[in-house]
Amino acid sequence: MKASETRDLINSKLRKIYNGNYNNSELTYFSNDIVERIKKSNSKKNSRRNFKLSEKTSLLICYGDSVLGTKNNKSIIEFKKFYIKFLNKYFNTVHFLPFYPSSSDSGFAVKDHYKIDPKLGNWSDIKNFSKKSFIMADLVINHASSRGLWFKNYLRNKSPGKNYFFTINKKFNSSNVVRPREHRLLKKVNIFKKNQYLWRTFSNDQIDLNFKNPKVLIRFIKIIINLINHGVNIFRLDAIAYLWKESGSKCINLRQTHEIVKILRIVCNNLNYPAIIVTETNLPEKENISYFGKNDEANWIYNFSLPPLLVHSLLFEDSRNITTWSKELPQNRIGNSYLNFIASHDGIGMRPVEGILKKNAIDKMFKRLKKNGGEFSFRKVRGKSKKVYEANITLFNAFQKTDADPKGRYHFERYLCAHAIMISFEGVPAIYFNSMFGTANDVNKYIISNNKRDLNRYKWSSERLNKLLKNKNSKQYLFYEEISNLLNIKKRNKAFHPNAFRKTLDLGPKIFAFKRISLDKKQSIICISNISSKSQKTKIPSNKKTLKELIVGTTINDNIITLDPFQTVWLSN
């Protein structure tokens, strides 16, 4: 796209966002500023590889200090050594959770977006890592730390930070605001000799940024370009849905937010090394999918409904809800993709299954997860009432025991079944570092911190994890070996391309099944999972007399197959 076309397109978006608050000459100044930043970035030489989506795309979610060394090595250097030794063959992309200096929330209360936390490393460590892997980084775009540079400058009326934070007065109607937490949203302060209220969507330490000031948007475009210059290919737009606020509205998913995402997509598309935009919107499914736009917003969206549906299906051995959901889930367009996951640094979000699972089914799941060692985080609904926002538990604990399997005989099989489904489903599979090794709840950390999310944020000693992975009888080795095998198979089969066609198959309430067809239509794979603790017989929905089973490597010559408890088969033509 020519610079003039890019400028006109950005200018049209800015008008939709800021019309009435800024005149045409001001908006033209802002659009020119953005285009000049794109041109300046493109003038620099860069030896990076362009990202290409394929069946080889798999993503590892981790912290910069998920692996801790005993020497003076910075955490990212220690992690790189571990990654090259154990994970490089299976993951071509690493999502490093926020690596900036932060005051709380495990990195999500950013103090300075232009620095790396010195305990983790420095920019050259990120750049060097990008030679081994594509990197996804967080753009913590909704809020910043109350102890950071910007907020200090905001209080002094000094740049950068001047007018960067969102405040309201008494006239602002916040009664309809949709909340993701249960703390008090507003804090009364006296700033610049006026009584105002600071807006705090996520915590007392995380103050929402003021995107009604276009300089905040331009600041984040600068941050994107800086990250790209240091080797980042993919951007996770953290909590993006809460970006724009209007009096009397729900202050979530507003039109202006979508226009801002479109501008960020235009910027990323017009750089010499185009970047991928991923929106993180832990919301009911229709709202989540809206961030694809018309293929002009997010490249990828998190498939937030998948984790709670998979957990529910396997805990209660009933595929009806997930089958119905899969039938109704839109096939994504070329250029878009679902980002599939079961576990992450957060809990299992419950908003995405609103309207999919009935209340009694959700309540039943909560009881079981509580028995398995789970805790729950809440969000405020109206007045004093509250609802569960997420279940805080590791996957290892979540699948440990069920009502039908109270002794946990099939714990390992349930765990692998969930990963086999997620890895083969339409989209890009993302696996949390701790899930690769069957890590259990970090109860010790939770007792000390009283932060429920810390149950699922265990930090491994590099020496200890290396030692466990050398022991073929260790739990960690068994989980690692089986999940690695699934990822290895996936990357060799074109029907597992993220955009390969998906057709949901209804084979009864104890089986979840779907068919994937490669983009060139030469390969099809039928993915069938027994989600029960009893053997199941099923007819294979295929005209082919001979199919290859990819996981075990056997040949199937019969159209009836018997599946062991929680067994998955991938049947290829």
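Two strands count as paired if DSSP finds at least two bridges between them. Strands themselves are DSSP runs (E, at least two residues), and helices are runs too (H or I, at least four residues), with numbering from the N terminus. The model described here is predicted, so local features need pLDDT of at least 70 and side-chain atom pairs count only at pLDDT 80 or more, while totals for chains, interfaces and linings use all residues. Residues are numbered from 1 along each chain as its sequence is written, and side-chain values use heavy atoms, with hydrogens and water left out.

A good place to start is a small piece of sheet. Three strands make up an open sheet in the order 6-8-7, with antiparallel pairing. Strand 6 (167–168) and strand 7 (186–191) sit at the edges with a single partner strand each, so one side of each has no neighbour in the sheet. Strand 6 is joined to strand 8 (residues 194–199) by two bridges, and Ile 168 stands opposite Tyr 197 in strand 8. In general, strands of a sheet pair through backbone hydrogen bonds, either parallel or antiparallel.

The parallel kind turns up around strand 17 (residues 428–432). Here, buried means under 20% relative accessible area, exposed means over 50%, and partly exposed is in between (1.4 Å probe, protein chains only). Strand 17 is mostly covered, with five of its five residues buried. Val 428, Ala 430 and Tyr 432 point one way from the strand, whereas Pro 429 and Ile 431 point the other way. Strand 1 (59–62) runs parallel to strand 17 and is joined to it by three bridges; Leu 59 has Ala 430 as its bridge partner. Strand 13 (residues 337–340) also pairs with strand 17 in the parallel sense, over two bridges, and Leu 339 stands opposite Val 428.

Just ahead of strand 1 comes a loop that follows helix 2 (24–42), and Ser 54 lies in this loop. Ser 54 counts as buried because its relative accessibility is 16%. A polar atom of the Ser 54 side chain lies 3.0 Å from the backbone nitrogen of Lys 56. Leaving aside residues up to four places away in sequence, Ser 54 touches Lys 490, His 497 and Pro 498, where contact means heavy atoms within 4.5 Å.

A second serine, Ser 305, is found in the loop between strand 12 (300–302) and helix 9 (306–316). Ser 305 is buried too, at a relative accessible area of 2%. Its side chain makes a polar contact of 2.7 Å with the side chain of Glu 285. Such a contact is a pair of N or O atoms within 3.5 Å; within protein, one must be able to donate a hydrogen and the other to accept it, and residues adjacent in sequence count only if both atoms are side-chain atoms. Again setting aside residues up to four places away in sequence, Ser 305 touches Glu 285, Trp 325, Pro 352, Val 353 and Ile 356.

Two valines round out the picture. Val 232 lies in strand 10 (residues 232–237) and counts as buried because its relative accessibility is 0%. Val 232 and Ala 275 are 43 residues apart in sequence, and their C-alpha atoms are 8.0 Å apart in space. Val 443, in helix 14 (residues 443–449), counts as partly exposed, at 41% relative accessibility.
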